Structures are given as C-alpha cells and as structure tokens.
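Here is a short report for a first look at this model. Keep the 3D view open while reading.

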Amino acid sequence: MTAISVRHLWKEYGEQIVLEDISLEFAPRSFIALVGPSGCGKTTFLRILLSEETATRGEVLIEGQPIAREPGADRGVVFQRYSVFPHLTVLGNVLLSAEMAEAPLTGRLFGARRRQAQDEARALIEEVGLKGAEDKYPAALSGGMQQRLALAQAIMRKPKILLLDEPFGALDPGIRADIHQLMLKLWNTCEMTVVMVTHDLKEAFTLATRIIAFERRRNRPEEKARYGATIAKDIEVWPKRIAGQLKLKSTAPGRDDPAIPSGTGRDDPALKTA
Ligand SMILES: Nc1ncnc2c1ncn2[C@@H]1O[C@H](COP(=O)(O)OP(=O)(O)OP(=O)(O)O)[C@@H](O)[C@H]1O
C-alpha cells in the first residue's frame, strides 16, 4: 500500500491554474523533498496534503482512504517559523499537542493519562536535544531550538505523515547541519512518511529518499495563469536511504547542541550574550 496517492490533481485559484494534473505515489516511510521555482505551487500542494486547501479536481488518498476534510492528528506540520505557541513553555507546547490529539474538545488530559503524556513529552524533549529547557518559553529559545521544539510538538501526535514547509530555511548553515542529523534520526525511528518543501537542493539530497521537482513548462507572462506546474523531475536518491536502517552520526551532545550538560551550546541565545 502507498502512504499517499495523488491522482490527477489540479488546483486553480480563479483563472489561475497553479497545479496541473499531478499524479504521484509516495511509499510508506519515504522522505520526499519537493523543490521548484518560487511560486510554482509547492506550498499549495503541501496545504492540500494537510487539508488546509482542497483540490479543484483529482483526489488524494492517505493509506488508500480519501483524505479527511479537516487537518487531523494523522498529519503533523512544521513551518519555517511560528509553529509553536509563544505563551506556552517547551513542556506545555509538547504536552498540548498530545492533549489536542486525544481530547480535541477540552484540550486537557487528566490523572494517570496526563502523567503518562508528561513523561512521553519529557522523553521526546530530551530526544530532540532540549533537555533542561522544559520550563523555557519559545521567546527564550534560539531559532534552532524553536525548530527542535516544533519537531517534538509535531511528532508527539505520532503522525503517519509529517509535512515540512522549509522548516530549516531560516537557520544558519552550521545549525542546519546539526538539525539535519536530528531530522534523519526522527525519520529513522518514527513510523512516518515525510514530505518536505525546500529551496535547498543540498538539503534535499542530504535528507530525502526521493526528490520531486515541480515546474511550469510554459512560463511566459501571458501563459502563466493558463498552465500550472507539473512534475519536471522525479529522482530516487542514491545510495538508497531506508527508514529504520540508517547508520547515523553520534547524536551525543555536539557543537551546536542546545542542552549539553554544561549549560549551553552554539544555538543557545545565552551564548550570544556571553
Ligand atoms: N489562497 C490563495 N489565493 C490565491 N492565490 C494563491 C493562494 N495561495 C497561493 N496562491 C498562488 O498560487 C501560486 C503558488 O503559490 P505557492 O505558495 O504554493 O508557491 P511556492 O512554490 O510554495 O512558492 P515559494 O517557493 O515562493 O514559497 C502563487 O502564484 C500564489 O500567488
């Protein structure tokens, strides 16, 4: 079975055709990178997979079933910025994710289940390298730490599909390299299929199992609205990466780790004032 099937998908905004007859099959636990020129419809495609947008024509199936009309716990998402709640602590952000998934009406878990969810949240916070920052608010975290938190928040809901919209685009290159290792670790250990929009081809080759390039074949101004983007390239990354079988570099606290026991790391804002 495929994780995601996209069949003859079209997306139009009024007169403007954005996506034109896109058909794709994504294997379970694949890591798909979507690349292409600015404005060619990558984010629109991702938003359709999230149910934030609907296709004009065509269909999307998740594990063989028509995609739900509303965003749900089966699909997590991380944006370039503002994925986390600024008024909640690190622990509060990750915990809320579990609460919204399990108790969408009240947003609260109680008793033993709440304690269990707290333990799970703390373990995940440690896994993403934020141990020690549980009580901090996002404003006190660096960009790299905020994206680690956003990943933890998305993964806490145990999504089948993780959607990433340029999640590391705003980070410095060195910090990006460290968070790439984390991303590979999470993809390797969590049972999820990842679809990531990126402008960075090097990032696509570093992380993905398959790279899909969208492009408008006809891009003259008078044709722009009448022809949408199609799939220009579909590349299997070689050597193959297989989820669950990756041999990763040590994930022990490293040069950028924000939570090394001695206190701070390279992407901790505290360093900037030192
Ligand atoms: N809600 C909307 N209403 C009307 N037009 C829209 C809407 N959302 C997107 N578009 C248009 O659809 C086209 C594709 O936008 P989209 O953001 O998906 O491109 P993109 O490939 O992700 O671009 P970038 O790489 O710059 O983020 C653009 O021309 C955009 O103006």
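## A loop between two strands

Arg29 is partly exposed, because 18 other C-beta atoms lie within 10 Å. The model is predicted. Arg29 sits in the loop between β2 and β3. Its phi is near 65 degrees, a positive value in a residue other than glycine.

Pro28 is found in the loop between β2 (16-26) and β3 (31-35). Pro28 has 15 C-beta neighbours inside 10 Å, so it counts as partly exposed. Leaving out residues up to four places away in sequence, Pro28 touches Ala3 and Thr193. Pro28 and Thr193 are 165 residues apart in sequence, yet their C-alpha atoms are 5.7 Å apart in space.

Another positive phi belongs to His8, at about 45 degrees, although His8 is not a glycine. His8 lies in strand β1 (residues 4-13). The table sets out exposure for the three residues.

| Residue | C-beta neighbours within 10 Å | Class |
|---|---|---|
| His8 | 12 C-beta atoms | exposed |
| Pro28 | 15 C-beta atoms | partly exposed |
| Arg29 | 18 C-beta atoms | partly exposed |

One more backbone feature stands at a proline. A cis peptide bond joins Trp238 and Pro239, with omega about -5 degrees. Pro239 lies in the loop between β10 (229-236) and α7 (269-273).

## The chain overall

The protein chain has 7 helices and 10 strands. Of its 274 residues, 39% are buried. Among contacts with a separation of 6 or more, 71% join residues 24 or more positions apart.

## Around the ligand

Which residues surround the ligand? They are Tyr13, Val18, Gly36, Ser38, Gly39, Cys40, Gly41, Lys42, Thr43 and Thr44. By class, the shell holds 3 nonpolar, 6 polar and 1 charged residues. Helix α1 (residues 42-49) gives the largest share, 3 residues.

## Two packed helices

Two packed helices are described by the angle between their axes and the distance between the axes. Helix α4 (residues 143-156) and helix α5 (residues 173-189) have axes that come within 10 Å and cross at roughly 15 degrees. Therefore α4 is roughly parallel to α5. The crossing of α4 and α5 is right-handed.

Which residues meet where α4 and α5 touch? From α4 come Gly144, Gln147, Arg148, Leu151 and Ile155. From α5 come Ile175, Ile179, Leu182 and Leu186. The contact of α4 with α5 has 6 nonpolar, 2 polar and 1 charged residues.

Methods
Residues are numbered from 1 along each chain as its sequence is written. This is a predicted model: local features need pLDDT of at least 70, side-chain atom pairs count only at pLDDT 80 or more; totals for chains, interfaces and linings use all residues. A residue is near a molecule or strand if its C-beta atom, placed from the backbone, lies within 6 Å of it. Helices (H or I, at least four residues) and strands (E, at least two) are DSSP runs, numbered from the N terminus. Ala, Val, Leu, Ile, Met, Phe, Trp, Tyr, Cys and Pro count as nonpolar, Asp, Glu, Lys and Arg as charged, and the others, Gly among them, as polar. Axes are lines fitted to C-alpha atoms, for helices over the stretch in contact, and angles run from 0 to 180 degrees between N-to-C directions. Angles under 35 degrees count as roughly parallel, over 145 as roughly antiparallel, 65 to 115 as roughly perpendicular and the rest as oblique. A crossing is left-handed if the near helix is turned anticlockwise from the far one by less than a right angle, and right-handed if clockwise. Two residues are in contact if their C-beta atoms, placed from the backbone, lie within 7 Å. A residue is buried if 20 or more other C-beta atoms lie within 10 Å of its own, exposed if 12 or fewer, and partly exposed in between; C-beta atoms are placed from the backbone.
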